[in-house]
Amino acid sequence: GVAARFAVRVLSIPTRLTATTSAPRVGELRLITAISPKQSPGTSMFRMRHIMEEAGSYRKQMEEMLEGLALGIVRIERDGRLSYANGMARRLLGMTVQGPTETIDTVPPGRFLRQDGSPSPENEHPWQVTLATGQYLADQRLGICGEDGSVAWRSFATTPVFHPGDTMPQAVVITCTDISEQRRIEDLSRASQERLQATARLATVGEMASLLSHELNQPLAAI
């Protein structure tokens, strides 16, 4: 959605400048502009640093906007490292501490569940599917089983992040919403429908029994 595209743009803003010939890492921008003969290397680097400072300031402002969204936003790198999660995402997913080795698959206090209540293996998680296929996924529903046995239901959308020239995503941006109340209403509706169907079946059986009794009584009355 719009929020996911906005998050992708914000989280793609570089925060650091490196002058190197190696591939840039997350949060870095490689210096690829040629230095003019009329400019000293020092002047060019000063201007680039100034640009990067402005970009970093802009990203910080945009991240503050992401923090205010009533929507969980998470970015996961291709190596599985969680590079960003806003406050809402941490509340919805049960995250506590962000560190360099943190991953979304190990942070929740319980485990992810399929819609039928069975455990969801890691390779089925929507962010893993997006990283493996490069596909955008929407409304992927998973339950999170807490330590007390309660289950909270979440809906995920995953957007792949590509670097120029890449065929596979280098990261995935996840949006997450709480659908626990919606799931509860759906379960109640499903249970109500099942009760109505059971009542209808009993009524049909009763009608058949009454008809059969009537048919059996007819010959007995004739005798």
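Here are some notes on the predicted model above, going from overall confidence down to single residues.

1. **Confidence first.** The mean pLDDT of the protein is 74, and 62% of its residues reach 70 or more. By element, the lowest mean belongs to strand 2 (residues 28-30), at 41, and the highest to helix 4, at 94. The stretch to treat with care is residues 16-37, where pLDDT stays under 50. The model still has 35 contacts beyond four places in sequence for residues 16-37, so read those with that pLDDT in mind.

2. **Overall layout.** You'll find 5 helices and 8 strands here. Reading from the N terminus, the order is α-β-β-α-β-β-α-β-α-β-β-β-α. Of the 223 residues, 35% are buried. Taking contacts between residues at least 6 apart in sequence, 45% join residues at least 24 apart. The exposed area comes to about 13800 Å², with carbon and sulfur atoms supplying 57% of it.

3. **Helix 4.** This is the element with the highest mean pLDDT, and it covers residues 126-133. Which of its residues are buried? They are Pro 126, Trp 127, Thr 130 and Leu 131. Viewed down the helix axis, these buried residues fall within an arc of 135°, so they line one face of helix 4. The spacing fits the usual geometry: an α-helix has 3.6 residues a turn, so residues three or four places apart point the same way.

4. **What that face packs against.** The buried residues of helix 4 pack against five strands, listed here with their residue ranges:
   - strand 3 (72-77)
   - strand 5 (111-113)
   - strand 6 (137-145)
   - strand 7 (151-161)
   - strand 8 (171-178)

   Just after helix 4 comes Gly 134, with a positive phi of about 80°.

5. **Two residues of strand 6.** Ile 144 sits in strand 6 and counts as buried, because its relative accessibility is 7% and the cut-off is under 20%. Its C-alpha atom is 8.9 Å from that of Gly 94, although Ile 144 and Gly 94 are 50 residues apart along the chain. Asp 139 is in strand 6 as well, but it is partly exposed, with a relative accessible area of 44%. The backbone of Asp 139 deserves a look: its phi is near 50°, a positive value in a residue other than glycine. For context, most residues other than glycine have a negative phi.

6. **The strand 3 and strand 4 hairpin.** Strand 3 and strand 4 (residues 82-85) run antiparallel and are joined by 3 bridges. One pairing to check is Arg 75, whose bridge partner in strand 4 is Tyr 84. The hairpin has 4 residues between the strands, and Gly 80 takes a positive phi near 95° there.

7. **Glu 67.** Where does Glu 67 sit? It belongs to helix 2 (residues 41-67), and at 38% relative accessibility it counts as partly exposed. Leaving aside neighbours within four places in sequence, Glu 67 is in contact with Tyr 84, Ala 85, Asn 86 and Gly 87. Two of these come with polar pairs. The Glu 67 side chain makes a polar contact with the side chain of Tyr 84 at 3.4 Å, and a polar atom of that Glu 67 side chain lies 3.0 Å from the backbone nitrogen of Gly 87. Tyr 84 thus turns up twice in these notes, here and as the bridge partner of Arg 75.

8. **Asn 86.** Is Asn 86 buried or exposed? At 0% relative accessibility, Asn 86 counts as buried. It lies in the loop between strand 4 and helix 3 (87-93). The C-alpha atoms of Asn 86 and Glu 67 are 5.2 Å apart, with their positions 19 residues apart in sequence numbering. The Asn 86 side chain reaches the backbone nitrogen of Ile 73 at 2.9 Å, and the backbone nitrogen of Ala 89 lies 2.9 Å from a polar atom of this side chain. Not counting residues up to four places away in sequence, Asn 86 touches Leu 66, Glu 67, Leu 69, Leu 71, Gly 72 and Ile 73.

Key:
Residues are numbered from 1 along each chain as its sequence is written. Side-chain values use heavy atoms; hydrogens and water are left out. Buried means under 20% relative accessible area, exposed over 50%, partly exposed in between (1.4 Å probe, protein chains only). Helices (H or I, at least four residues) and strands (E, at least two) are DSSP runs, numbered from the N terminus. The arc is that of the directions from the helix axis to the C-beta atoms. Contact means heavy atoms within 4.5 Å. A polar contact is a pair of N or O atoms within 3.5 Å; within protein, one must be able to donate a hydrogen and the other to accept it, and residues adjacent in sequence count only if both atoms are side-chain atoms. Two strands pair if DSSP finds at least two bridges between them. pLDDT is the predictor's confidence in each residue, from 0 to 100. Accessible areas come from the Shrake-Rupley method with a 1.4 Å probe; for residues, only the protein chains shown count as cover.
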